[in-house]
Every structure is written in C-alpha cells, then in structure tokens.
Amino acid sequence: MSVAKVTEIIASSSKSFDDAVENGIKKASKTLKGITGAWVADQKVTVKDGKVEEYRVAMKVTFVLQD
C-alpha cells in the first residue's frame, strides 16, 4: 500500500506558462522524491509597461511517501 501527499508550489518563467510548469517540477523534484503528477490550480501574469513580464503558476504536486 502506498500513501501520497499533495503540496502546493508556485513557479514562474519569463517565457511561458509551460516553462513555468517545467521550472516548478524540475525544482520540486530536487527535494520531493516520488513525484507522480501535478495539476495547475491557477495561472497569473505580471505586467510591466503594457507587456507580460512574468508567467506564474500555482501547482498542486502529488508525491508518494517513502516507507
């Protein structure tokens, strides 16, 4: 039997939402072992001088707890 935990992280990118997701998973996998999935709960952009400055995502990351 396995037990999973869900934690929320926020990641950003100056390129795109997809890149923000990739950045978040890459960083989270350095400390969270056994990541099995994630879902994007929210997306947001910051704007400066009428242009998108940063893409941000709030993700719920699922990982399996180790014995």
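**Note on a predicted β-α-β-β chain**

1. T46 touches K51, V52, E53, E54 and R56, leaving aside residues up to four places away in sequence. T46 sits in strand β2. Is T46 buried or exposed? With a relative accessible area of 16%, T46 is buried, because the cut-off for buried is under 20%. Keep in mind that this is a predicted model.

2. Now the overall layout. The chain has 1 helix and 3 strands. Read from the N terminus, the order of elements is β-α-β-β. The radius of gyration is 14 Å, well over the 11 Å that the globule rule gives for 67 residues, so the chain is more spread out than a compact globule. The C-alpha trace spans about 50 × 20 × 15 Å along its principal axes.

3. Next, the contacts along the chain. Take the contacts between residues at least 6 apart in sequence: 63% of them join residues at least 24 apart. One pair with a long sequence separation is V57 and S13, which lie 44 residues apart along the chain. Their C-alpha atoms are separated by 9.0 Å.

4. Burial and surface come next. Of the 67 residues, 19% count as buried. The accessible surface comes to about 5000 Å². Carbon and sulfur atoms account for 50% of that surface.

5. Which residues form the largest nonpolar core? There are 9: I9, A11, A20, A28, L32, V57, M59, V61 and F63. Three elements each supply at least two residues of this core: β1 (4-13), α1 (17-28) and β3 (51-64). Strand β3 gives the most, with 4 residues.

6. V57 is one of the residues in that core. V57 is placed in strand β3. Its relative accessibility is 1%, so V57 counts as buried. What does V57 touch, not counting residues up to four places away in sequence? The list is I9, I10, A11, F17, A20, V21, V40, D42 and Q43. Of these, I9, A11 and A20 are also named in the core.

7. M59 is another core residue. Residues up to four places away in sequence aside, M59 touches T7, E8, I9, A11, V21, G24, I25, W39, V40 and A41. The contacts of V57 and M59 overlap: I9, A11, V21 and V40 appear for both.

8. T36 gives a view of strand β2 (residues 35-48), where it is placed. Is T36 buried or exposed? At 56% relative accessibility, T36 counts as exposed, because the cut-off for exposed is over 50%. T36 touches T62, F63 and V64, with residues up to four places away in sequence left out. T36 and V61 are 25 residues apart in sequence, yet 8.0 Å apart in space, C-alpha to C-alpha. V61 and F63 both belong to the core described above.

9. D49 deserves a look at its backbone. D49 is found in the loop between β2 and β3. Its phi is near 55°, a positive value in a residue other than glycine. Most residues other than glycine have a negative phi. At 73% relative accessibility, D49 counts as exposed.

10. Last, the charges. The chain carries 11 positive and 9 negative charges. How far apart are their mean positions? The two mean positions are 5 Å apart.

How values were computed. Residues are numbered from 1 along each chain as its sequence is written. This is a predicted model: local features need pLDDT of at least 70, side-chain atom pairs count only at pLDDT 80 or more; totals for chains, interfaces and linings use all residues. Side-chain values use heavy atoms; hydrogens and water are left out. A nonpolar core is a set of buried Ala, Val, Leu, Ile, Met, Phe, Trp, Tyr and Cys residues joined through side-chain atoms within 4.5 Å. Buried means under 20% relative accessible area, exposed over 50%, partly exposed in between (1.4 Å probe, protein chains only). Contact means heavy atoms within 4.5 Å. The radius of gyration is taken over C-alpha atoms; the globule rule is 2.2 Å times the number of residues to the power 0.38. Accessible areas come from the Shrake-Rupley method with a 1.4 Å probe; for residues, only the protein chains shown count as cover. Lys and Arg count as positive and Asp and Glu as negative; His and the chain ends are not counted. The place of a charge is taken as NZ of Lys, CZ of Arg, CG of Asp or CD of Glu.
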